[in-house]
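Open the model in your viewer and keep the selection box handy. We will move from stop to stop, and each stop says what to pick and what is there.

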Amino acid sequence: MRSIEELAKAAKRSSEVLRSVGTDQKNQALAAIASQLKEEEEDILKANSEDCEKAQKEGMRPILLDRLKLTPKRIDEMIEGVDRLIELDDPIGEVLEGSTRPNGLEIRKIRVPFGVVGMIFEARPNVAVDAACLCLKASDACLLRGGKEAILSTTALTECMRRALVKSGLPEDTICLTQDTSHESADQMMQAKGLIDVLIPRGSARLIQTVVENSKVPFIETGVGNCHIYVDEWADLDKAIAITVNAKTSRPSVCNAAESLVVHSRVAGEFLPRLVKAMPQVTLYGDGRAKALVPTMETASEEDFGREYLDLKMSVRIVDTLQQAIDHIAKYSTGHSETIVTENLKNARIFTSQVDSAAVYVNASTRFTDGGQFGEGAEIGISTQKLHARGPMGIKALTTTKFVVWGDGQIRL
């Protein structure tokens, strides 16, 4: 088993090769990966079945088990994601700004790859494909470190992609995976400054906080998602029901699922009983006013309003004004995604201007916060920070810039 240092050095060497690889060859490699995934589907599903069986025996919650599980449909979705990447423009070499100075210097700011992207993620094997293919399109090599629960699945997927790279004439170490799923391997990646150019953690709040506190490698902080829905006094309640049910129940284990519901007091009496009937599988944790309307609710604690449940659970608070809703979101939000349901244009504009999150919606589900849904192909994560990248991170978020300056003998006096 290769060490983190050995893998990072191998990825670094591959990244140097990728700098001179053109768009056509990268797209050919992506097409080869898509084809190889389909060809090896049976072996991938077998490996994943072993992971799922072990996780189930060890007591993994059903909703988290759903994140781990691969199906033929989910592999097809991976392949579709790779195909979408092929169709996207290559960002490398894009001229972002340009000027000619009075002294004749021609200055161009262009988009270039990071080099090596380190990715630490948990029990979601599809992340290996999303991350590796996005990095490849951005001319980056990647070093992947997945969770122990998905190690057989991520190994099968990574080896599949590496075989496709070889067929395409690219270094197989363009995509590297460590077999070491211990905390030590994650720590070593955080300390690999000079070998890994940027680190992206994708997983639990605990994982992300560990990277924030300990990494010497520059990192992008991604998506703990305490996402809010605010049902305004001017809401169309049919829309509000549909949006809330979708945002909470369509896939409750992902970071763009809604976790918190804020309802204006003028509509709460009609809306909340209807909502309970529309999603009976969801346990609601309400404040005193919400419980008075729906006595079957659990009593919400202060911690419940700030919690990312990743489950069929949701907190509920009733407010009397739009500003109270905005203040509640500001206090408890993780800066991921929030939505207002309203037919009042003024209220919508106030909400979108004052709520400071990576994605702010009007009359739409928070579940759309996704690289594919935003036209970025796949995504490597959802950034909740404000520097470099924010929101769903597609290809361009995996690049940096440099200045290229053309002269004709100019010297500075």
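Start by selecting isoleucine 120 and arginine 145: isoleucine 120 stands opposite arginine 145, which belongs to strand 4. Strand 3 (residues 116-121) runs parallel to strand 4, and five bridges join the two. Strands pair here if DSSP finds at least two bridges between them; helices (H or I, at least four residues) and strands (E, at least two) are DSSP runs, numbered from the N terminus.

Before going further, note that this is a predicted model, in which local features need pLDDT of at least 70 and side-chain atom pairs count only at pLDDT 80 or more, while totals for chains, interfaces and linings use all residues. Residues are numbered from 1 along each chain as its sequence is written, and side-chain values use heavy atoms, with hydrogens and water left out.

**The parallel sheet**

Now widen the selection to the sheet around that pair. It is an open sheet of four strands in the order 5-4-3-6, with parallel pairing. Strand 5 (175-177) and strand 6 (198-202) stand at the edges with a single partner strand each, so one side of each has no neighbour in the sheet. On average, neighbouring strands of this sheet are turned by 20° against each other, direction ignored. Axes are lines fitted to C-alpha atoms, for helices over the stretch in contact, and angles run from 0 to 180 degrees between N-to-C directions.

Add helix 6, which packs on the sheet and touches strand 3, strand 4, strand 5 and strand 6; contact means heavy atoms within 4.5 Å. The direction of helix 6 makes about 170° with that of strand 3. Then add helix 8 (residues 183-190), which also packs on the sheet, touching strand 3, strand 4 and strand 6. Its direction makes about 150° with that of strand 4.

**Two residues with positive phi**

Select serine 139, in the loop between helix 6 (126-137) and strand 4 (141-145). Most residues other than glycine have a negative phi. Serine 139 is not a glycine, yet its phi is positive, about 65°. Is serine 139 buried or exposed? At 2% relative accessibility it counts as buried; buried means under 20% relative accessible area, exposed over 50%, and partly exposed in between (1.4 Å probe, protein chains only).

Jump to leucine 310, in the loop between helix 13 (302-305) and strand 11 (313-319). Leucine 310 has a positive phi of about 55° and is buried, with a relative accessible area of 16%.

**The antiparallel sheet**

Next, pick strands 1, 2 and 16, which form an open sheet in the order 1-2-16 with antiparallel pairing. Strand 1 (95-100) and strand 16 (399-406) are the edge strands, each pairing on one side only. The twist averages 20° from one strand to the next. Five bridges join strand 1 to strand 2 (residues 106-113), and valine 95 has isoleucine 110 of strand 2 as its bridge partner.

**Helix 2 and its neighbours**

Show helix 2 together with helix 5 (residues 72-87): their axes come within 9 Å and cross at roughly 170°. That makes the two helices roughly antiparallel, the word for angles over 145 degrees (under 35 is roughly parallel, 65 to 115 roughly perpendicular, and the rest oblique). Residues making the contact include Leu30 and Leu37 of helix 2 and Ile75 and Ile79 of helix 5.

Stay in helix 2 (residues 23-39) and pick glutamine 36. This residue is buried, at 5% relative accessible area. Leaving aside residues up to four places away in sequence, glutamine 36 touches Cys160, Arg163, Ala164 and Lys167.

**Salt bridges**

The whole structure holds 26 salt bridges, each being a side-chain nitrogen of Lys or Arg within 4 Å of a carboxyl oxygen of Asp or Glu. Select glutamate 172 and arginine 162, whose closest N and O atoms are 3.6 Å apart. Glutamate 172 lies in the loop between helix 7 (151-167) and strand 5, and arginine 162 in helix 7, so the pair ties together parts 10 residues apart in sequence. Arginine 162 is buried at 10%, whereas glutamate 172 is partly exposed at 37%. Finish by adding Arg2, Glu159 and Asp173, which are linked with Arg162 and Glu172 in a network of salt bridges.
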